[in-house]
Amino acid sequence: MAIRFWPAWLGWHCPAQEKRLSQNDSDIQPRMPINNSGKDPVLSFLRNILLGTTIVLVSTAANAASVTLVNVANSQVRDGAYAGFYTLNIDGQNVLAMCNDFSTTSTVGETWTAYFNTQGGINSGAGKFYPNTVGYHQTGYLFSLTPSVDYSHQASIDEAIWKIMTPGAPFTLSGDALTYYNTATGGAYDSFDYSNVMRVLTPDPHSASQEFLVAAVPLPSALWLLFSGVVGLFGFACRQRRLASSVDQLRV
């Protein structure tokens, strides 16, 4: 059994309605980020609750997990592929994940075995792109930015990650993606500590699928339903208080 924690740096975010692929949408390449202003008091309240929540992911052997690509979630089409966050089902739990691999294709509905790798494991040779450990550190920095930007910037971050991890990929960066790439590869983040930021989901064997990045640790989508309901109730209570206040003012 592997126990992981929802980190404080992720803050609170709520993914938008997931896009669903038709049967004709087959070969796709995953990427991800999440919109979060961090200023809503209701969301801040719920975030504080979640900081103490323990998420348990059960795997069949060591850190091995059964992974299925569910859909492309909030990603956007960039360079002929989907960039941004995808939805993966990991041992029965739907989580958001971003792909770092432009050169390999994956198909919606495809299932494979993968291993959760920490920063220590990656530095010891566990990643698909070892020995490019510096690239993983740079990627960890970019991944740490995703909770504070919108879906478009998340897609740009993913493009930058593709270029870092698969530099020979046949596309040219521009705009925000180029800015993110230049910042990450400028030298300041070559040793960025991503141990509390992300885990690397490495396919076994490496050719089985793309390699994905997930938060350390991903929040199961079922909990979004629970807390979205709490948000709704909280909002209803706030509206009721505002209505009561307005009525009192009319009586004065």
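Buried here means under 20% relative accessible area, exposed means over 50%, and partly exposed lies in between. The exercises below concern a predicted model.

**Exercise 1. The chain as a whole**

Find what percentage of the chain is buried, and how many helices and strands it has.

Solution. With the cut-off of under 20% relative accessible area, buried residues make up 48% of the 252 residues in the chain. Counting the secondary structure then gives six helices and 12 strands. As a last step, consider the contacts in the chain with a separation of 6 or more: residues 24 or more positions apart account for 76% of them.

**Exercise 2. Helix H3 against helices H4 and H5**

Determine how H3 is oriented to H4 and to H5, and which residues form the contact of H3 with each helix.

Solution. Begin with H4, whose axis comes within 10 Å of that of H3 and crosses that axis at roughly 175 degrees. Because angles over 145 degrees count as roughly antiparallel, H3 is roughly antiparallel to H4. On the H3 side the contact is made by Gly135, Tyr136, Gln138, Thr139, Leu142 and Leu145, and on the H4 side by Ile157, Ala160, Ile161, Ile164 and Met165. Sorted by character, the residues of this contact are eight nonpolar, three polar and no charged.

Turn next to H5 (residues 175–184), which packs with H3 (residues 133–145) at an angle of about 130 degrees, the axes being 9 Å apart. An angle that is neither under 35, nor over 145, nor from 65 to 115 degrees counts as oblique, and H3 and H5 are therefore oblique to each other. Their crossing is right-handed. Here Gln138, Tyr141, Leu142 and Leu145 of H3 meet Tyr180, Thr183 and Ala184 of H5, and the residues of the contact comprise five nonpolar, two polar and no charged.

**Exercise 3. The nonpolar cores**

Identify which residues of the largest nonpolar core touch the most other members, and which element gives the largest share of this core.

Solution. In soluble globular proteins, nonpolar side chains tend to be buried together. In this model the largest nonpolar core has 23 residues, of which Tyr136, Leu142, Phe143, Ile161 and Met198 touch the most other members. Two or more residues of this core come from each of strand E8 (93–99), H3, helix H4 (151–165), H5 and strand E11 (198–204), and H4 supplies the largest share, five residues. To see the surroundings of one member, take isoleucine 161: apart from its neighbours within four places in sequence, isoleucine 161 is in contact with Met98, Cys99, Asn100, Thr139, Leu142 and Leu213. There is also a second, separate core of 17 residues, with Val72, Tyr86, Ala97 and Leu201 among its members.

**Exercise 4. Two residues and their neighbours**

Decide whether leucine 201 is buried or exposed, do likewise for histidine 137, and list the contacts of each beyond four places in sequence.

Solution. Leucine 201 lies in strand E11 and, with a relative accessibility of 0%, counts as buried. Once the neighbours within four places in sequence are set aside, leucine 201 is in contact with Val67, Leu88, Ile90, Ala114, Tyr115, Phe116, Gln210, Glu211 and Phe212. For one of these, isoleucine 90, which is 111 residues from leucine 201 along the chain, the C-alpha separation is 10.0 Å.

Histidine 137 is in helix H3, and its relative accessibility of 10% places this residue in the buried class. With the neighbours within four places again left out, histidine 137 is in contact with Gln119, Asn123, Tyr189, Asp190, Ser191, Phe192 and Tyr194.

**Exercise 5. Backbone angles in the loops**

Locate the cis peptide bonds at proline 131 and proline 205, and the positive phi values at alanine 73 and aspartate 91.

Solution. The peptide bond from tyrosine 130 to proline 131 is cis, with omega near 15 degrees, and proline 131 belongs to the loop between helix H2 (119–123) and H3. Aspartate 204 and proline 205 are also joined by a cis peptide bond, with omega about 0 degrees, and proline 205 sits in the loop between E11 and strand E12 (212–215).

For phi, alanine 73 has a positive value near 45 degrees; alanine 73 is in the loop between strand E4 (64–71) and strand E5 (76–78), and counts as buried at 1% relative accessibility. Aspartate 91 has a positive phi near 50 degrees and lies in the loop between strand E7 (85–90) and E8, where its 29% relative accessibility makes aspartate 91 partly exposed.

Definitions and conventions. Residues are numbered from 1 along each chain as its sequence is written. This is a predicted model: local features need pLDDT of at least 70, side-chain atom pairs count only at pLDDT 80 or more; totals for chains, interfaces and linings use all residues. Side-chain values use heavy atoms; hydrogens and water are left out. Axes are lines fitted to C-alpha atoms, for helices over the stretch in contact, and angles run from 0 to 180 degrees between N-to-C directions. Helices (H or I, at least four residues) and strands (E, at least two) are DSSP runs, numbered from the N terminus. A crossing is left-handed if the near helix is turned anticlockwise from the far one by less than a right angle, and right-handed if clockwise. Contact means heavy atoms within 4.5 Å. Ala, Val, Leu, Ile, Met, Phe, Trp, Tyr, Cys and Pro count as nonpolar, Asp, Glu, Lys and Arg as charged, and the others, Gly among them, as polar. A nonpolar core is a set of buried Ala, Val, Leu, Ile, Met, Phe, Trp, Tyr and Cys residues joined through side-chain atoms within 4.5 Å. Buried means under 20% relative accessible area, exposed over 50%, partly exposed in between (1.4 Å probe, protein chains only).
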